[in-house]
Amino acid sequence: MKLNDVLLGLVKLHPGVSGYELRRIIARSTQYFMNAQLSQIYPALKQMAADDLMTFDEVKTEGGRFSKRYYLSPAGEARYLEWLREPIDYNFSMNAQRMFMLKLTFIGSLPKDEQVDFLQNALDYFRFEHDELMSEHLELENEYLSRDLPERETLMGVWQSEIQLLRAREEQLIAWIEGMLRDME
């Protein structure tokens with residue numbers, strides 16, 4: 001997940017935003033899925049302006065300082081939509097769920113049929129992950145964990161509880177996506 005793509009999305013949703021305001025928005029909205037500091041945001045904005053993905057105006061603030069206010073250029077708008085349309089590399093990881101949730105933040109910028117496709121692809125994957133991968137995970141651990149390990153029983157008990165938690169979270173996620181799809185009909 002690239003900071004530039006998220007910044008394009010945030011500038012799309014908040015035209016005329018400053019770098020400092022972007023940091024505050026990230027801290028209050030996307031931080032759970034992706035975090036960034038000012039030391040990362042300002043160079044990214046500068047590079048995207050140089051690459052003609054963004055434009056900016058300099059405005060004088062009440063304190064007499066100048067602040068850059070960022071806007072998407074047509075090329076920035078195209079790149080933003082391209083990022084939203086890029087398939088998520090779903091894999092058995094929390095990163096796949098984070099990427100899904102991050103893109104979901106911005107998916108309203110796409111036409112409804114593409115939003116439905118995005119949700120349906122996610123639903124298909126999370127159902128697969130729940131049904132196939134989760135059921136085999138504990139068996140694989142049991143097979144590869146040394147039989148002589150003194151804490152083997154404790155580890156297996158903790159991992160079984162962890163699997164139960166992950167299954168419950170995925171069941172909630174699946175039900176939530178199904179509800180979103182019903183609401184979009």
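In which helix does K103 lie? In this predicted model, K103 belongs to helix α5, which covers residues 94-106. This lysine is buried, yet no salt bridge is formed by K103. The nearest side chain of opposite charge is that of E86, 4.8 Å away, and a salt bridge would need the two charged groups to be within 4 Å. Apart from its neighbours within four places in sequence, K103 is in contact with W83, L84, E86, I88 and F118.

Helix α3 offers a good place to look next. It is made up of 13 residues, 38-50. At 1.5 Å a residue, helix α3 should span 18 Å, and the 18 Å between its end C-alpha atoms agrees with that expectation. Buried along α3 are I41, A44, L45, M48 and A49. Viewed down the helix axis, the buried residues of α3 fall within an arc of 130 degrees, so they line one face of the helix. Their packing partners are α1 (3-13), α2 (19-28), β1 (54-60) and β2 (66-72). The other side of α3 carries S39, K46 and A50, which are exposed. Just after this helix comes D52, with a positive phi of about 65 degrees.

A further residue to visit is H130, found in helix α6 (residues 112-144). The relative accessible area of H130 is 16%, which means that this histidine is buried, as the cut-off for burial is under 20%. The H130 side chain also makes a polar contact with the side chain of D131, at 3.0 Å.

Technical notes:
Residues are numbered from 1 along each chain as its sequence is written. This is a predicted model: local features need pLDDT of at least 70, side-chain atom pairs count only at pLDDT 80 or more; totals for chains, interfaces and linings use all residues. Side-chain values use heavy atoms; hydrogens and water are left out. Helices (H or I, at least four residues) and strands (E, at least two) are DSSP runs, numbered from the N terminus. Buried means under 20% relative accessible area, exposed over 50%, partly exposed in between (1.4 Å probe, protein chains only). A polar contact is a pair of N or O atoms within 3.5 Å; within protein, one must be able to donate a hydrogen and the other to accept it, and residues adjacent in sequence count only if both atoms are side-chain atoms. Lys and Arg count as positive and Asp and Glu as negative; His and the chain ends are not counted. Contact means heavy atoms within 4.5 Å. The expected span of a helix is 1.5 Å times one less than its number of residues. The arc is that of the directions from the helix axis to the C-beta atoms.
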